[in-house]
Protein chains: 2
Amino acid sequence: MPEQPSTLRARRRTETQRLIQAHAVRLFTERGYDATAVTDVAEAAGVSPMTVYRHFPTKEDLVLAGQEARLVAERIAASPAGRPLVRRIGLALVEAATESTGSGEGLTADGRFLLARLRLMITTPALRARHLDNQYALQQAIVTALDDGGDGHDAFRAQAATGACLAALHTALVRWAEDDGRTALPGLITEAFAAAFGGQAP
Amino acid sequence: MPEQPSTLRARRRTETQRLIQAHAVRLFTERGYDATAVTDVAEAAGVSPMTVYRHFPTKEDLVLAGQEARLVAERIAASPAGRPLVRRIGLALVEAATESTGSGEGLTADGRFLLARLRLMITTPALRARHLDNQYALQQAIVTALDDGGDGHDAFRAQAATGACLAALHTALVRWAEDDGRTALPGLITEAFAAAFGGQAP
DNA sequence: CCAAAACGTGGTAGTGACTACCATTCAGGT
DNA sequence: ACCTGAATGGTAGTCACTACCACGTTTTGG
């Protein structure tokens, strides 16, 4: 999904980003987030501190950066309307999770990296706060995407339902990370939805 | 509810806290959060920057400090068990909101201050992130408080349900702030729960 | 009632995240 | 080949926050 303009500059750019982020997550995991300075990350990646800030506006973005959110929003917007909102969102989330992590046992390299990032997001207070705010931004994006021209009251109901769905997702993600990714994520999401919404989930 | 030990030192201490926080919220509202330095708050309150940090460990706490969370957790723990979790939490939240803001029209001075803080929490990214993390901490407190000795699976379901409830609460709070407190908060919470959970809300 | 302990407050000097502002180098399109 | 623009690096500065220490006042215990 990330387009590859294949121009040399763009390829190098994404490659540097990948390099910096990989070293950052590694160092944060080894030494701790607060005990690792941005300068350390830059040094490990072989670039100047300036370059780190060019690619990642804040230290937190070194862990949080990722494009999973966009995928989710698009999938929900593309899902067939008519069904109750909670079921639409739940189904889209389960599908997106299946695609990202696989429903079976083996974890891809991307999956392991996502897991490492998630662990940091859950345990480090500053990262957890920013991650929750990102989820809130995703909520806004979802509500905007599926706004069928209803009035403010409809939008309010959509906000409430979407927020509750994303909270259930978050619970599933936390459990998945605590389990080191051994339990399949789609199943956890389904369980979380069942616990929160009872009869109106896949 | 906050005990008054009535010893001179304690009274002075809470008074300085109140003073600093009041000036902070005022300045943040007038000039903006990022454009206001902690030094400015200290100067306005007539204390040294050091004293500000003594009472409020971070700049964000100047807005976020408050003991509403504890009230909510206690109320939920005290609610009668047996009913479905979502209904228990919803009822407790509506009651707590009624007590804090009143169900009628007039807004108390405390209510107006709470509204000003809430507006800052919603509009300022850094504060919004920390606020969402505080809600997440409240979720943990609630789950711990009503842990009836179930297994890990029960705890997982409680996490999912509680998180969804607090997301609905947050939606109601945002709407309340956007309305400048004109719509009664308990009713908004009830509506948000109805939108998210359908038939299982007050 | 008077000491000693505890607390609230202020100063100084630091660390670390982040932000201008500017110079240099090199890929991309014409 | 030339010029535009992007990517990187350096310097200096702001601001949140943290020791570490000193001084005065309130509280406490004999």
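Student: Why is B:Glu15 called partly exposed?

Tutor: B:Glu15 has a relative accessible area of 38%. Buried would need a value under 20% and exposed a value over 50%. The 38% of B:Glu15 fits neither, so B:Glu15 is partly exposed. Keep in mind that this is a predicted model.

Student: What makes B:Glu15 and B:Arg18 a salt bridge?

Tutor: Their closest N and O atoms are 3.3 Å apart. The cut-off for a Lys or Arg side-chain nitrogen and an Asp or Glu carboxyl oxygen is 4 Å, so this pair qualifies.

Student: Why are B:Arg18 and B:Glu15 said to be separated by about one helical turn?

Tutor: Both residues belong to helix α1 of chain B, and they are three residues apart, which means about one turn between them.

Student: Why does B:Arg18 count as exposed?

Tutor: B:Arg18 has 51% relative accessibility. Exposed means over 50%, so B:Arg18 falls in that class.

Student: What is found between A:Arg18 and A:Glu15 in chain A?

Tutor: They form a salt bridge, with 3.3 Å between the closest N and O atoms. Both lie in helix α1 of chain A, three residues apart, about one turn of the helix. A:Glu15 has 38% relative accessibility and counts as partly exposed.

Student: Why is B:Asp61 called buried?

Tutor: The relative accessible area of B:Asp61 is 14%. Buried means under 20%, so B:Asp61 meets the rule.

Student: What makes B:Asp61 and B:Arg130 a salt bridge?

Tutor: Their side chains meet at 3.2 Å, N to O, and the limit is 4 Å, so the pair counts. This pair links distant parts of the chain: B:Asp61 is in helix α4 (residues 61-64) of chain B, while B:Arg130 is in helix α8 of chain B, 69 residues apart.

Student: Which residues of chain A join A:Arg130 in a network of salt bridges?

Tutor: A:Glu60 and A:Asp61 are linked with A:Arg130 in that network. Over all chains, the whole structure has 22 salt bridges.

Student: How many salt bridges are there between chain B and chain A?

Tutor: Two. One of them joins the side chains of B:Asp133 and A:Arg128, at 2.6 Å from N to O. That distance is within 4 Å, so the name is earned. The interface also holds six residue pairs in polar contact.

Student: Which helices of chain B each supply at least two residues of the side that touches chain A?

Tutor: They are α8 (125-145), α9 (152-178) and α10 (185-197). The largest share, 15 residues, comes from α9(B). By class, this side of chain B divides into 17 nonpolar, nine polar and six charged residues.

Student: How many residues of each chain are in contact, and what area is buried between chain B and chain A?

Tutor: The contact involves 32 residues of chain B and 32 residues of chain A. The buried area is about 2,500 Å², and carbon and sulfur atoms give 65% of that.

Student: What about DNA strand C: which residues come nearest?

Tutor: A:Thr7, A:Lys59, B:Thr51, B:Arg54 and B:His55 come nearest, out of 21 residues around the strand. Sugar and phosphate account for 65% of the DNA strand C atoms that come within 4 Å of the protein.

Student: What makes B:Arg54 a polar contact of DNA strand C?

Tutor: A side-chain N or O atom of B:Arg54 is 3.0 Å from a base oxygen of the strand. The limit is 3.5 Å, so the pair counts as a polar contact. B:Arg9 passes too, with a polar side-chain atom 3.4 Å from a base oxygen. A:Lys59 instead uses a backbone N or O atom, 2.7 Å from a phosphate oxygen.

Student: Which atoms of B:Thr7 and B:Lys59 lie by a phosphate oxygen of DNA strand D?

Tutor: For B:Thr7 it is a polar side-chain atom, at 2.7 Å. For B:Lys59 it is a polar backbone atom, at 2.6 Å. Both distances are within 3.5 Å, so both are polar contacts.

Student: Which helix gives the most to the surface near DNA strand D?

Tutor: That is α3(A), with four residues. By class, this surface has eight nonpolar, seven polar and six charged residues.

Conventions: Residues numbered from 1 in each chain as written. Chains lettered and ligands numbered in written order. Predicted model: local features only at pLDDT ≥ 70, side-chain atom pairs only at ≥ 80, totals over all residues. Heavy atoms only, no water. Contact = heavy atoms within 4.5 Å. Buried area = accessible area lost by both parts, 1.4 Å probe. Polar contact = N/O pair within 3.5 Å; in protein donor to acceptor, adjacent residues only side chain to side chain. Nonpolar A, V, L, I, M, F, W, Y, C, P; charged D, E, K, R; others polar. Near = heavy atom within 4 Å. Buried < 20%, exposed > 50% of the residue type's maximum accessible area, 1.4 Å probe, protein only.
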